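Me: Please show me the sequence and the structure first, and then let us work through them by question and answer.

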Amino acid sequence: MKYQLSEEYIKKRKRGMLVAAFMFGAVAVFLSILGVATKNYGMFVGLIFLVMAWQYYRGMKTWVANAEKLRFGFDRQSLLFSGSEFESKMALSSVKKVVVQTRKNHPISVLLFPASGSLEKFEGIDDMPSFVGSIKGIVGDSKVKYARFFHR
């Protein structure tokens, strides 16, 4: 079965990035006006913040375009990631521990801890209970832990 990021998750992340870009823009305008009024270097700092706001906005547009094409799937003992320009595979046999973070007994995110020491976090997937069940079926129940709090 193929999984993808939910529309609700994409909209939530997009909204957060737009708010951050707006805040950079507001600081840029404030510093530019302050710099012109005081005849100081605030205008140049404001221009730097304006460039940062523009870069953040462009990054958000790119992230949304790529997030809509991101797909997850399973192939025997592997988790497959595929996007518009890449395809990657992660062997689930090398996973030491799986932590399923839940809210009101509904899985919100999955943390995979491979033997290499890295961390892979999956959140915002459309059918998260089915995704967790597929991982649990491959990895085994003994390696799966359920966490009730989000302090990881």
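Me: Which residue in S2 stands opposite Tyr-3?

Reply: This is a predicted model, in which local features need a pLDDT (the predictor's confidence in each residue, from 0 to 100) of at least 70, side-chain atom pairs count only at 80 or more, and totals for chains, interfaces and linings use all residues. Residues are numbered from 1 along each chain as its sequence is written, and side-chain values use heavy atoms, leaving out hydrogens and water. S1 and strand S2 (residues 71–75) pair in the antiparallel sense over two bridges; strands (E, at least two residues) and helices (H or I, at least four) are DSSP runs numbered from the N terminus, and two strands pair if DSSP finds at least two bridges between them. The residue of S2 that stands opposite Tyr-3 is Phe-72.

Me: Which strands are the edge strands of the open sheet S1-S2-S3-S4?

Reply: The four strands of this open sheet follow one another in the order S1-S2-S3-S4, with antiparallel pairing. An edge strand here pairs on one side only, and this applies to S1 and S4.

Me: At about what angle to S2 does helix H3 run where it packs on the sheet?

Reply: Helix H3 (residues 128–139) touches S1, S2 and strand S3 (78–82), contact meaning heavy atoms within 4.5 Å. Axes are lines fitted to C-alpha atoms, for helices over the stretch in contact, and angles run from 0 to 180 degrees between N-to-C directions. On that basis, the direction of H3 makes with that of S2 an angle of about 30°.

Me: Why is one side of S7 and of strand S8 left without a neighbour in the sheet?

Reply: A further open sheet of four strands has the order S7-S6-S5-S8, and its pairing is mixed. S7 and strand S8 (144–147) stand at the edges of this sheet, so one side of each is left without a neighbour because each has a single partner strand.

Me: Which residue in the turn between S5 and S6 has a positive phi?

Reply: S5 and S6 pair in the antiparallel sense over eight bridges, and one of the facing pairs joins Gln-101 to Ser-109 in S6. The two strands form a hairpin with two residues between them, and the turn residue with a positive phi, of about 55°, is Lys-104.

Me: Which residue takes a positive phi in the hairpin of S6 and S7?

Reply: S6 and S7 pair in the antiparallel sense over four bridges, with Val-110 standing opposite Phe-122 in S7. Five residues lie between the strands of this hairpin, and the one that takes a positive phi, near 95°, is Gly-117.

Me: How much space lies in the largest pocket?

Reply: A pocket is an open set of points on a 1 Å grid over the protein atoms alone, where a 1.4 Å probe fits, with protein on both sides within 12 Å along at least five of seven lines, and its lining residues have an atom within 4 Å of a point. The largest pocket is lined by 17 residues, with Glu-8, Tyr-9, Lys-12, Ile-108 and Gly-124 nearest its centre; helix H1 (7–38), strand S5 (95–103), strand S6 (106–114) and strand S7 (120–123) each give two or more residues to this lining. Grid points are joined across faces, edges and corners, and a volume is the space filled by probe spheres set on the points. For the largest pocket that space is about 370 Å³.

Me: Which element gives the most residues to the lining of the second largest pocket?

Reply: The second largest pocket holds about 240 Å³ of space, and of its 18 lining residues the closest to its centre are Leu-5, Trp-63, Ala-67, Leu-70 and Phe-72. H1, helix H2 (42–67) and S7 each supply at least two residues of this lining. With four residues, the element that gives the most is S7.
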